[in-house]
Amino acid sequence: SVDRLKMEMFADPLNPDRLYYTAMLVFWHTFTPVFWFVVYTICDCLPFFNRWKIQKKTSNMVSLALSRSAQEMWDKDKVSTQTHSDTFWSAAFLFLRNHMIVIPLLWHFPAYSLTMQRDPDMIYRIPSWSEAVTNMAVTILLEDLLFYWTHRFLHNPRWYKYFHKRHHEFHAPSTLAAEHAHPIEAVLGNFIPFLAGPFVMKMSLVEICAWFVVRMTKTAEAHSGYSFPLAPFSCLPSVMVTSRQHDFHHSHNKGSYGSFFRFWDKVCGTEGDYKQFAESKKRNMS
């Protein structure tokens, strides 16, 4: 029942198993995006990688942020339009707030109750390779389904400006943009789709940590602003959502709502705008 779930959710918050569970997930949820942010920022700073940059005219956002005074960044009344430097610092503080307050609370209370409290031994259990691969595959498919529909739901004009618009302040995405989300979106569009697989498949803690690395790496690649030839989640462009598609989604703010695969966009007819854009770009280059 709901009452029982509430009691379990807040029972024994200083339990060592619960604290260990929260610490591990917060670490991997923070380390992975920070790692890829550093990697792609290095790419931004080295001209060699410009050949793979999707939006060629966009500047290095970190250097833009550091080149302006703090007063100018925060006094929005003096800036006619929100620039990338404003967005950079806004996203940086939002990232810190989410990872220091919102995310630890989500993992410590509802997530632990839903995934581990039924069987605390799952915290320390190591699954077989076949079990781990099966669980990961089902989790990716389930996340892809839920992410598509929640993402599309958040783009509804009736409430888009209240929640998802913050994420689209980045017209040229960066790895920092991946975590730039309103708390409602963080729960509805990220937390629930992410947690669905571990809950349904009863994944162990080590599997959830591995899932974090996979999902955050995919998110970083999609928001990187680069289209590398050997990028792991863009190697099958006819099947998978590539960084080019998600870059289009940010620059044009429509279509391409999928997470890992193009399946739902194809079935539901929401990738037509991207296909027209890609074909037009090919014609202009030929």
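This passage describes the two largest pockets of a predicted model. Rolling a probe the size of a water molecule over the atoms shows where empty space is left.

The largest pocket has a volume of about 710 Å³. Its lining is made up of 26 residues, and those closest to the centre of the pocket are Arg244, Tyr274, Phe277, Ala278 and Lys281. Two helices, α9 (residues 243-252) and α11 (residues 272-285), each contribute at least two residues to this lining. The largest share comes from α11, which provides eight residues. By residue class, the lining of the largest pocket comprises nine nonpolar, seven polar and 10 charged residues.

The second largest pocket encloses about 190 Å³ of space. Its lining consists of Ile126, Pro127, Ser128, Trp129, Ala132, Val133, Met136, Val206, Glu207 and Ala210. Here the elements that supply two or more residues are α6 (residues 129-154) and α8 (residues 205-222). Of the elements, α6 gives the most to the lining of this pocket, with four residues. The lining of the second largest pocket divides into eight nonpolar residues, one polar residue and one charged residue.

Set side by side, the two linings have these compositions: the largest pocket has 10 charged residues in its lining, and the second largest pocket has one. The helix that gives the most residues is α11 for the largest pocket and α6 for the second largest pocket.

Terms used. Residues numbered from 1 in each chain as written. Predicted model: local features only at pLDDT ≥ 70, side-chain atom pairs only at ≥ 80, totals over all residues. Heavy atoms only, no water. 1 Å grid on protein atoms, 1.4 Å probe; cavity = no way out; pocket = protein on both sides within 12 Å on 5 of 7 lines; lining within 4 Å. Points joined across faces, edges and corners; volume = space filled by probe spheres on them. Nonpolar A, V, L, I, M, F, W, Y, C, P; charged D, E, K, R; others polar.
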